[in-house]
Amino acid sequence: MSESNPLPENCPPPELAVIVPVYNEAGNIEALTEQLRHSLQGLDWELIFVDDDSPDGSTAKAQEIARRDRRVRVLRRIGRRGLSSACIEGMLATVAPYLAVLDGDLQHDETLLPSMLQTLKREGLDIVVGSRYLEGGGLGTWNRRRRSMSRFASRLARTLVKADLSDPMSGFFMLNSTLLHGCVRNLSGIGFKILLDIFASSPRPLRFREIPYVFRARRAGESKLDNAVLWEYLLMLLQKTMGSMIPVRFIGFSLIGGSGVIVHMVVLWVLFRLLGASFISGQAVATLVAMTTNFFLNNMLTYRDLRLRRWQLLRGWLSFVLACSIGAIANVGIATYLFQTQSYWVLSAFAGILVGVVWNYAITAVYTWRHKAG
């Protein structure tokens with residue numbers, strides 16, 4: 001068998017890989033590619049679009065461009081969603097020594113990429129971050145509410161990241177690939193702020209520099225900043241604070257379970273105290289309502305990337321209620337046994353609750369949200 005031929009001299013491996021998550025960004029992909037071609041002239045680069053199986057045809061659009069330009073690649077993910085995890089997989093899919101991340105909505109300034117690369121190389125930095133809050137930068141056309149949310153999120157981020165970052169929430173940055181490979185196993189991959197995840201996961205302080213840029217208006221498509229995204233951001237902060245020993249989904253599942261207690265008590269109070277129903281019937285209805293509320297919140301938030309839809313919702317709800325009913329029985333049984341043998345009612349109750357929560361989480365993770373997880 002003959003040895004494979006090496007790459008010709010005029011086809012070197014890329015020095016820079018630009019990673020662009022493009023969920024539902026079909027209307028922006030062509031324009032973004034053209035802008036990158038213009039901005040990266042004279043560099044050896046590749047562009048990796050990462051699409052979480054968009055319903056708007058983003059994958060097909062990116063593949064059409066890739067057929068005309070071998071520097072463009074497409075990574076299509078099936079059955080999972082998430083901006084941070086998409087960025088991680090895109091960065092791991094290249095051999096380029098330098099990696100840039102920017103959004104697919106044309107809001108980041110791609111003309112800064114060459115200067116970011118030069119700064120990264122010249123100063124021996126780990127990462128260069130585009131900042132909207134340095135002098136010369138800006139938030140563009142953001143309204144007052146979104147500006148306030150961004151500043152609040154940035155203040156929360158600074159409690160976690162021990163670095164003097166003016167814009168820890170930035171989604172526009174370039175890093176040395178050695179940084180990624182050194183911390184990738186510690187990344188949570190949760191939420192939409194991969195930069196914060198990288199800074200919080202690095203085993204050492206990072207050498208970084210920020211450069212200003214003005215956040216531009218979206219050209220096509222719709223913003224993906226919603227309550228579920230903010231929930232994922234808070235979960236990532238909690239996980240990084242508590243450590244990776246506790247799965248981030250378990251944290252979310254437990255918080256929603258706590259809200260279910262409030263729902264249960266409100267429904268029971270209305271039925272039993274206001275409407276005069278018997279305690280047993282009120283308790284039964286309250287339990288079912290709380291379980292149902294917990295199921296839909298978990299489906300919308302905790303398992304957002306594995307969300308059940310259409311007929312799967314009914315199957316998922318039935319399996320969730322069944323699992324949680326068994327968990328409730330285990331809760332009462334464990335608590336009763338410990339109370340009878342130890343007499344410490346608070347510890348007994350807490351142990352019963354813990355067993356019930358762990359059971360509910362483990363079983364529903366396997367049987368309720370199982371289809372897409374596999």
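**Entry 1: Val 18 and its surroundings**

I started with Val 18 in this predicted model and looked up what it touches. Leaving aside neighbours within four places in sequence, I found Val 18 in contact with Leu 36, Leu 40, Glu 46, Leu 47, Ile 48, Ala 100, Leu 102 and Leu 113.

Next I asked which residues have the most contacts inside the largest nonpolar core. They are Val 18, Phe 49 and Leu 113, and this core has 30 residues. I then listed the elements that give two or more residues to the core: strand 1 (16-21), helix 1 (26-39), strand 2 (45-51), helix 2 (58-68), strand 4 (98-101) and helix 4 (113-122). Helix 4 gives the most, with four residues.

I also noted another core that lies apart from this one. That core has 28 residues, and among them are Ile 19, Val 50, Leu 195 and Phe 199. A background note to keep beside these two entries: in soluble globular proteins, nonpolar side chains tend to be buried together.

**Entry 2: The sheet**

I wanted to know in what order the strands of the sheet come. Seven strands form an open sheet in the order 3-2-1-4-6-5-7, and the pairing is mixed. The edge strands are strand 3 (72-76) and strand 7 (208-212), each of which pairs on one side only. On average, neighbouring strands are turned by 20° against each other, direction ignored.

Then I went through some of the pairings. Strand 2 and strand 3 run parallel and are joined by five bridges. I found Phe 49 standing opposite Val 74 in strand 3. Strand 1 pairs with strand 4 in the parallel sense, over four bridges, and my old friend Val 18 has Ala 100 as its bridge partner in strand 4. On to strand 6 (residues 173-176): four bridges join it to strand 4, and the two run antiparallel. There, Ala 100 has Met 174 as its bridge partner.

I checked helix 1 as well. Helix 1 lies across strand 1, strand 2 and strand 3, and it runs at about 160° to strand 2.

**Entry 3: Two faces of strand 4**

Are the residues on the two sides of strand 4 buried or exposed? I found Tyr 98 and Ala 100 on one side, Leu 99 and Val 101 on the other, and all of them are buried. Both faces of this strand are covered. It helped me to recall that in a regular strand the side chains alternate between the two faces of the sheet.

**Entry 4: Phe 208, on an edge strand**

I picked Phe 208, which is found in strand 7. Its relative accessible area is 25%, so I wrote it down as partly exposed. Not counting residues up to four places away in sequence, Phe 208 touches Leu 125, Ile 127, Ala 163, Asp 164, Leu 165 and Phe 199. I also looked up Val 128: it is 80 residues from Phe 208 in sequence, yet the two are 5.5 Å apart in space, C-alpha to C-alpha.

**Entry 5: Aromatic rings**

How many aromatic pairs does a search of the whole structure find? The count is 11. I looked at Phe 250 and Tyr 361, an edge-to-face pair at 5.2 Å centre to centre, with 80° between the planes. Phe 250 lies in helix 9 (residues 248-274) and Tyr 361 in helix 12 (residues 345-367), so this pair ties together parts that are 111 residues apart in sequence. Phe 250 is buried, with a relative accessible area of 17%. Tyr 361 counts as buried too, because its relative accessibility is 16% and the cut-off is under 20%.

Phe 320 and Trp 369 make another edge-to-face pair, 6.0 Å centre to centre and with 75° between the planes. Since Phe 320 lies in helix 11 (residues 311-342) and Trp 369 in the segment after helix 12, the pair ties together parts 49 residues apart in sequence. Both Phe 320 and Trp 369 are buried.

I then traced the ring pairs onward. They link Phe 250, Phe 253, Phe 295, Phe 296, Tyr 303, Phe 320, Tyr 361 and Trp 369 into a cluster. One more ring caught my eye: the charged end of Arg 132 sits over the ring of Phe 215, 5.6 Å from its centre.

**Entry 6: The whole chain**

Last, I noted some totals. The protein chain has 12 helices and seven strands. Of its 374 residues, 45% count as buried. Among contacts between residues at least 6 apart in sequence, 75% join residues at least 24 apart.

Definitions and conventions: Residues are numbered from 1 along each chain as its sequence is written. This is a predicted model: local features need pLDDT of at least 70, side-chain atom pairs count only at pLDDT 80 or more; totals for chains, interfaces and linings use all residues. Side-chain values use heavy atoms; hydrogens and water are left out. Rings of Phe, Tyr and Trp (its six-membered ring) pair if their centres lie within 6.5 Å; planes under 30 degrees apart count as stacked, over 60 as edge-to-face and the rest as tilted. Buried means under 20% relative accessible area, exposed over 50%, partly exposed in between (1.4 Å probe, protein chains only). A charge sits over a ring if NZ of Lys or CZ of Arg is within 6 Å of the ring centre and within 35 degrees of the ring normal. A nonpolar core is a set of buried Ala, Val, Leu, Ile, Met, Phe, Trp, Tyr and Cys residues joined through side-chain atoms within 4.5 Å. Contact means heavy atoms within 4.5 Å. Two strands pair if DSSP finds at least two bridges between them. Axes are lines fitted to C-alpha atoms, for helices over the stretch in contact, and angles run from 0 to 180 degrees between N-to-C directions.
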